[in-house]
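Visitor: I'm new to reading protein structures. Could you walk me through one, feature by feature?

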Amino acid sequence: MLNSSSRQIIQQFIHSVVQSHEIATGLKKLTSHGQIVDYANSKGFSFAKADWDEFIRSDSESLSSQDKQSAHFDNTNHWSWAFRQVSSWRAMLMEGADQGSS
């Protein structure tokens with residue numbers, strides 16, 4: 001179970017991605033959840049991958065089936081992959097940032 005301290009740090013990281021173009025740009029090259037955790041840690045947001053996995057699972061519980069499909073977008077080499085993993089990051093994607101765009 002995700003403890004409140006880890007949840008708060010993860011939420012701070014997620015918020016920093018929304019607020020900082022520089023931090024958000026760093027997500028574009030990431031292709032795994034482990035890389036997202038490592039990136040967060042490199043930016044001073046220290047949490048474990050198990051905590052991230054639990055947060056992602058919890059975050060996806062309230063999604064519509066269409067949003068779940070978007071979140072589970074398999075093309076990890078597409079620049080938008082990491083942004084699709086968290087609901088508030090998906091909201092940052094402009095229309096057309098889909099599987100066919102590069």
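Guide: Sure! Let's start with Glu-54, which is partly exposed, with a relative accessible area of 24%. Keep in mind that this is a predicted model.

Visitor: Why does Glu-54 count as partly exposed?

Guide: The idea is to compare a percentage with two cut-offs: buried is under 20%, exposed is over 50%, and partly exposed is in between. Glu-54 has 24%, so it goes in the middle class.

Visitor: Which residue forms a salt bridge with Glu-54?

Guide: For a salt bridge, you look for a side-chain nitrogen of Lys or Arg within 4 Å of a carboxyl oxygen of Asp or Glu. Here the partner is Arg-57, and the closest N and O atoms are 2.5 Å apart. Arg-57 is partly exposed too, at 41%.

Visitor: How far apart are Arg-57 and Glu-54 along helix 4?

Guide: Three residues, so about one helical turn separates them.

Visitor: What else does Arg-57 pair with?

Guide: Glu-61! That salt bridge has its closest N and O atoms 2.3 Å apart. Glu-61 counts as exposed because its relative accessibility is 52%. Put the pieces together and you get a network of salt bridges linking Glu-54, Arg-57 and Glu-61.

Visitor: How many salt bridges are there by this rule?

Guide: The count comes to three. One of them joins Asp-53 to Lys-49, with the closest N and O atoms 2.8 Å apart. Both residues sit in helix 4, four residues apart, which again is about one turn of the helix. As for exposure, Asp-53 has 34% and Lys-49 has 39%, so each is partly exposed.

Visitor: Now for Asp-59, also in helix 4. Is Asp-59 buried or exposed?

Guide: Asp-59 is buried, yet it has no salt bridge. The nearest side chain of opposite charge belongs to Arg-90, 4.1 Å away, and the cut-off for a salt bridge is 4 Å.

Visitor: Which residues is Asp-59 in contact with, leaving aside its neighbours within four places in sequence?

Guide: They are Gln-85, Val-86, Ser-87 and Arg-90.

Visitor: Let's try pockets. What is the volume of the second largest pocket?

Guide: About 170 Å³. To read a pocket, check who lines it. There are 10 lining residues, and those closest to the centre are Lys-28, Trp-79, Phe-83, Met-92 and Leu-93.

Visitor: How do the residues of that lining divide into nonpolar, polar and charged?

Guide: Seven are nonpolar, two are polar and one is charged.

Key
Residues numbered from 1 in each chain as written. Predicted model: local features only at pLDDT ≥ 70, side-chain atom pairs only at ≥ 80, totals over all residues. Heavy atoms only, no water. Helix = DSSP H or I, 4+ residues; strand = E, 2+ residues; numbered from the N terminus. Buried < 20%, exposed > 50% of the residue type's maximum accessible area, 1.4 Å probe, protein only. Lys, Arg positive; Asp, Glu negative; His and termini not counted. Contact = heavy atoms within 4.5 Å. 1 Å grid on protein atoms, 1.4 Å probe; cavity = no way out; pocket = protein on both sides within 12 Å on 5 of 7 lines; lining within 4 Å. Points joined across faces, edges and corners; volume = space filled by probe spheres on them. Nonpolar A, V, L, I, M, F, W, Y, C, P; charged D, E, K, R; others polar.
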